[in-house]
Amino acid sequence: MIKYVPQMTSVVMEEIPDKVTLAVDISRCQGTCEGCHSPFLRQDIGEELTPAVIDTLLGRNFGVDCFLFLGEGDDPARLLELAAYVRKRHAVSVALYSGRPAVEDSFFQVFDYVKVGPYIPAFGPLNVPTTNQRLYKVVRHGGESVELEDITSRMQHRGTDSSR
Ligand code: SF4
């Protein structure tokens with residue numbers, strides 16, 4: 001099961017370049033980032049995120065062109081199912097902010113944007129040049145062939161606190 005925190009759901013302009021993004025905070029984070037900005041997201045809080053909930057959220061926010069999972073939770077198989085559902089059912093991009101150093105190749109089959117890397121205070125968040133985090137745009141060439149375009153530098157004139 002994937003759970004999200006309804007009260008934190010919002011439309012954002014800064015997390016994914018050139019996108020109007022519906023950002024959904026995922027709880028039950030398994031990360032151990034030093035200086036975690038949201039320790040409560042490690043707890044079992046919020047409500048289940050289901051295809052029906054996704055339909056409702058996107059229906060209420062007509063005009064967004066990206067759905068962002070802020071975190072992975074603790075059920076990667078279900079996360080991939082939900083991301084695939086968004087791709088299939090809605091004409092929006094699908095994005096993930098992961099706190100892991102890397103994700104499995106299967107993630108690049110369903111997500112259009114993937115941020116990887118734990119938040120490390122000494123290196124700073126995604127919007128500073130010293131960051132260890134990377135934001136990739138997934139470029140598809142047909143079939144399962146993908147190319148990862150590192151677009152991290154496009155975040156570095158922004159004020160985003162991308163520490164998740
Ligand atoms: S991924 Fe985000 S919520 Fe999880 S430990 Fe790291 S900073 Fe905290």
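**Exercise 1. Find which residue of S9 stands opposite Lys137, then describe how S8 and S9 are joined.**

*Solution.* Start with the residue pair. Lys137 stands opposite Glu149 in S9. This comes from a predicted model. Next, take the pairing as a whole. Five bridges link S8 and S9, and the sense is antiparallel. Then look at the connection. The two strands make a hairpin, with five residues between them. Finish at the turn: Gly142 there has a positive phi of about 100 degrees.

**Exercise 2. Place S8 and S9 in their sheet. In what order do the strands run, and which stand at the edges?**

*Solution.* Write down the order: S2-S3-S5-S6-S7-S8-S9. That makes seven strands in an open sheet with mixed pairing. Now go to the ends. Strand S2 (10-12) and strand S9 (146-150) each have a single partner strand, so one side of each lacks a neighbour in the sheet. Add the twist. On average, neighbouring strands are turned by 25 degrees against each other, direction ignored. Last, find the helix. Helix H2 (residues 76-89) packs on the sheet and touches strand S5 (66-70), strand S6 (93-97) and strand S8 (134-140). The direction of H2 makes about 170 degrees with that of S5.

**Exercise 3. Describe how S2 meets S3, and state what is unusual in the loop between them.**

*Solution.* Count the bridges. Three join S2 to strand S3 (residues 21-25), and the two strands run antiparallel. One residue pair can be named: Ser10 stands opposite Ala23 in S3. Move to the loop between S2 and S3, where Asp18 is found. Asp18 has a positive phi of about 65 degrees, yet it is not a glycine. Most residues other than glycine have a negative phi.

**Exercise 4. Arg28 also has a positive phi without being a glycine. Is Asp18 exposed or buried? Is Arg28 exposed or buried?**

*Solution.* Take Asp18. Its relative accessible area is 59%. Exposed means over 50%, so Asp18 is exposed. Now take Arg28, whose phi is about 60 degrees. Arg28 is found in the loop between S3 and strand S4 (47-48). Its relative accessible area is 17%. The cut-off for buried is under 20%, so Arg28 is buried. Then list what surrounds it. Leaving aside neighbours within four places in sequence, Arg28 is in contact with Met1, Lys3, Leu41, Arg42, Gln43, Asp44, Gly73 and Asp74.

**Exercise 5. Classify Val146 by accessibility and list what it contacts.**

*Solution.* Locate the residue first: Val146 lies in strand S9. Its relative accessibility is 28%, so it counts as partly exposed. Set aside neighbours within four places in sequence. The contacts of Val146 are then Phe108, Gln109, Val138, Val139, Arg140 and His141. Now check a distance. Val146 and Pro129 are 17 residues apart in sequence and 26 Å apart in space, C-alpha to C-alpha.

**Exercise 6. What is the volume of the largest pocket, and which residues are closest to its centre?**

*Solution.* The volume is about 400 Å³. The lining of this pocket has 26 residues. Closest to the centre are Cys29, Gln30, Gly31, Glu72 and Gly99. Now sort the lining by type: nine residues are nonpolar, 10 polar and seven charged.

Methods: Residues numbered from 1 in each chain as written. Predicted model: local features only at pLDDT ≥ 70, side-chain atom pairs only at ≥ 80, totals over all residues. Heavy atoms only, no water. Pairing = 2+ DSSP bridges. Helix = DSSP H or I, 4+ residues; strand = E, 2+ residues; numbered from the N terminus. Axes fitted to C-alpha atoms, helices over the stretch in contact; angles between N-to-C directions. Contact = heavy atoms within 4.5 Å. 1 Å grid on protein atoms, 1.4 Å probe; cavity = no way out; pocket = protein on both sides within 12 Å on 5 of 7 lines; lining within 4 Å. Points joined across faces, edges and corners; volume = space filled by probe spheres on them. Nonpolar A, V, L, I, M, F, W, Y, C, P; charged D, E, K, R; others polar. Buried < 20%, exposed > 50% of the residue type's maximum accessible area, 1.4 Å probe, protein only.
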